[in-house]
Amino acid sequence: MAQPILKRVKLLAEQGDLPDENLALKLADEPDTAALAEVASFLRDTGFHNLVTYSRKVFIPLTHLCRDVCHYCTFAQVPRKLKAPYMTPDEVLEIARHGAEMGCKEALFTLGEKPELRYKAAREALADLGFASTLDYLHHVAERVLKETGLLPHLNPGTMTPVELTRLRPVSPSMGIMLESLSDRLCEKGMPHYGSPDKVPAVRIQTLIDAGKAGIPFTTGILIGIGETRRERVESLLAIRAVHQQYGHIQEIIVQNFRAKPETQMASAPEPDLNELLWTIAVARILFGAEMSVQAPPNLSPGVLPQIVAAGINDWGGVSPLTPDFVNPEAPWPHLEDLSRETAAAGKHLHERLTIYPAFARDLATWVDPSLHERVLELVDAEGLPRTDGWCPGSDIEPPKKVMDALKTPPTQVSADLAVILQRAEQGEDLTEQEVVRLFSARGDDFNAVVQAADALRARVNGDTVSYVVNRNINYTNICYFKCQFCAFSKGKLSENLRGRPYDLSHEEIQRRTREAWDRGATEVCMQGGIHPEYTGDTYIGILQAVREAVPEMHIHAFSPLEVWQGAATLELDLDTYLQRVKAAGLSTLPGTAAEILDDEVRDIICADKINTAQWLEVMKAAHRAGFRTTATIMYGHVERPEHWARHLLRIRGLQQETGGFTEFVPLPFVHMEAPMYLKGKARKGPTFREAVLMHAVARLTLHPHIQNIQTSWVKMGHAGIKACLNAGCNDMGGTLMNESISRAAGTTHGQETSPQVMSQMIEEMHRIPRQRTTLYEDASEERIAVGIAAGELTEIILTPARKYERKRSGPLLRPGLIGAVEVD
């Protein structure tokens, strides 16, 4: 091939474009495997960075009977050689249960194609089991495995009709069929597919097309070394690409090398050499580009795995700690520790995936039957990769050691693109959305690099001082007419009512708590509540006046942007006028809660009737204009994706650049246990520990130098968790709280108060310097510190029961989020 062809291929790769069919076919004559692999490796790194995945699975060979007679296959057997034509349901479930106990997440069902069309023994066995066909029986056992073990079935039953595909979709989030080859020549007499009606290329391509029409994530690929030419391989890959470009459902391209097996017609056939395998992998990557997963089975090429990675793969396929590869029984799976080590030798990080690939897991509404959504959401993180430990916010499970170790272990190899982003962040340059998303994708050494860069920046900006404030939370009512899908706190006829009795605190109880907080060393009361149908803007002013009357010196940090919006609207005032009124009544600063995720794509799902993104930013801007300082928060780990995190951070950064009014940024991980949307099977169970630590680190890097204080929440992260965050860019531990109601209602187990003494002890254990601060980050007075140290036990709180009410104020209940969306940059 002339040199300009290689240059064209490389240029297309750099531009993110794919070779057309004409150029692709010319690649069949390109002998320079190394040059092709260089382009393929660039593409793979563009799409997958330093990540190589595998699926932890069990292999379930439901039947070895098959109507086809492929000349290289030892999987298919005749009835007389088998103990039984089919595995029984109990045998299937025994393997699946053992796999689940060993941490497997996939049940790979492999079976011969439609054996009942060839063998009487198969028909009789199916009749005895109570089924009319192999696929009927497959549906039954797959459904039982899913329901009884939680493993996600992946089905490889061969060619299927549209009706069969549709029937299997509710019990299997993904399926597959190897095209093997587009060459009809291989079906001729004397060739490996002769006598195998299901290996006719048109039939297999039709199954791929029908799967695309049914919206089923599908795996496919080619088998090399069975007599095909390089051009035929390219033609096969192009045929798959054409189907994928029409339907978008192909998850991965498998490049599988033929292995000669005893007692087959191809026992003495030559196997493809390593160069053939590497050439084909590289061409597959070039033809499909940066985003398609390209896989090569590791057990078929022992000893050369780093070379295979260098050729452009990003996935090893399924690897089982329990069952053998029944299709290639002579090739044992590598131990996962060995696979991880060899992947690392190629400069990559090994991580699990599910049978359904991340891009499809992130878009369940399009690709997965609704009956499977809850199970998939239970398993995945925000990128669609599986959770690999039991930690979740608010639980008492210890953080994973691997993440804790990464905070202090220097990275050995950092992705080049990530290193550039980190340098820009450290220099205070504005990162783009794409760059912030890239930071959130960091795993392996890249993760180490991100969290350690954030911590180094923290040390540069804040030194080794860690601050906290002695405060008291006062949630004055849990009655709310909004229907936020994440909230387990609010109660009422129109709320998502879960547990606990509705209350509406009297002014006397608010004053009692305020005085008690002052007597225990507090400098702040933090006050928020549900949106009670009877509350107006004057209600909030009355609460402020009650606190001011009780303790004039107390700093009042109160009212979310939703409450401010609602208060102004009920009095028919503009925001500026209402904010001046609450300021005159004694309000000191505002919490930046109700932000959740500042992206209306997410808000439409989790809090559709709440203030939208533009309205939240408008309240904060007005508050800063009125002279208030405020905090900013994010509530993450439910239905959103990393791009939403990035947009949230950039919107906070943009407003801070304009007003300078934010004192700190506070990540609040979603506590799932009692949240309505989790209990309905519509949300993840909070961020993983890796994601939670990354949120704090990426916030430090993205918001630098505009917001200098990054806070971590002990209520949600736990004491061990906040120590990790303090090593990943945080410099503040928030408040002692005294009473915490909202997270506890959602299910957190981390208590209601962390005393000043415990705060200081935790900080000193990390060889940092504790500093008790005020809300505005000034030093607390010696008098306040001394009172706090001497504080006694809290008295029991009184929850003033909510009386039955009829709304007395006129007008409809205000739902600002439903008024109309406003475009936000």
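Contact means that heavy atoms lie within 4.5 Å of each other, and this idea is needed in the exercises below, which concern a predicted model.

**Exercise 1.** Determine which residues of helix 18 are buried, and which helices are among those that cover them.

*Solution.* Start with helix 18 itself, which runs over residues 433-440 and has Glu435, Val436, Arg438, Leu439 and Phe440 as its buried residues. Next, recall that an α-helix has 3.6 residues a turn, so residues three or four places apart point the same way. Finally, look for what lies over the buried residues of helix 18: the cover includes helix 17 (416-426) and helix 19 (445-462), together with helix 26 (642-659) and helix 28 (689-703).

**Exercise 2.** Decide whether Gln251 is buried or exposed, and find what its side chain reaches.

*Solution.* First, locate Gln251 in strand 6, which covers residues 250-257. Second, apply the cut-off, by which buried means under 20% relative accessible area; Gln251 has a relative accessible area of 2%, and therefore it is buried. Third, follow the side chain of Gln251, which reaches the backbone oxygen of Thr355 at 3.2 Å and the backbone nitrogen of Tyr357 at 2.6 Å. Fourth, leaving aside residues up to four places away in sequence, list what Gln251 touches, including Ser174, Pro217, Met292 and Phe360.

**Exercise 3.** Classify Thr46 by its relative accessibility, and describe its surroundings.

*Solution.* Begin by placing Thr46 in helix 3, which consists of residues 33-48. The relative accessibility of Thr46 is 45%, so Thr46 counts as partly exposed, since that class lies between the limits of 20% for buried and 50% for exposed. Then turn to the side chain of Thr46, which reaches the backbone oxygen of Phe42 at 2.8 Å. To finish, compare positions along the chain with positions in space: Thr46 and Ala13 are 33 residues apart along the chain, while their C-alpha atoms are separated by 9.6 Å.

**Exercise 4.** Work out how compact the protein chain is for its length.

*Solution.* The protein chain contains 32 helices and 17 strands. Its radius of gyration is 30 Å, close to the 28 Å that the globule rule gives for 825 residues, so the protein chain is as compact as a globular protein of that length. The C-alpha trace spans about 95 × 60 × 45 Å along its principal axes. As a further step, note that buried residues make up 63% of the 825 residues, and that, of the contacts with a separation of 6 or more, 78% join residues 24 or more positions apart.

Technical notes:
Residues numbered from 1 in each chain as written. Predicted model: local features only at pLDDT ≥ 70, side-chain atom pairs only at ≥ 80, totals over all residues. Heavy atoms only, no water. Helix = DSSP H or I, 4+ residues; strand = E, 2+ residues; numbered from the N terminus. Rg over C-alpha atoms; globule rule 2.2 N^0.38 Å. Buried < 20%, exposed > 50% of the residue type's maximum accessible area, 1.4 Å probe, protein only. Polar contact = N/O pair within 3.5 Å; in protein donor to acceptor, adjacent residues only side chain to side chain.
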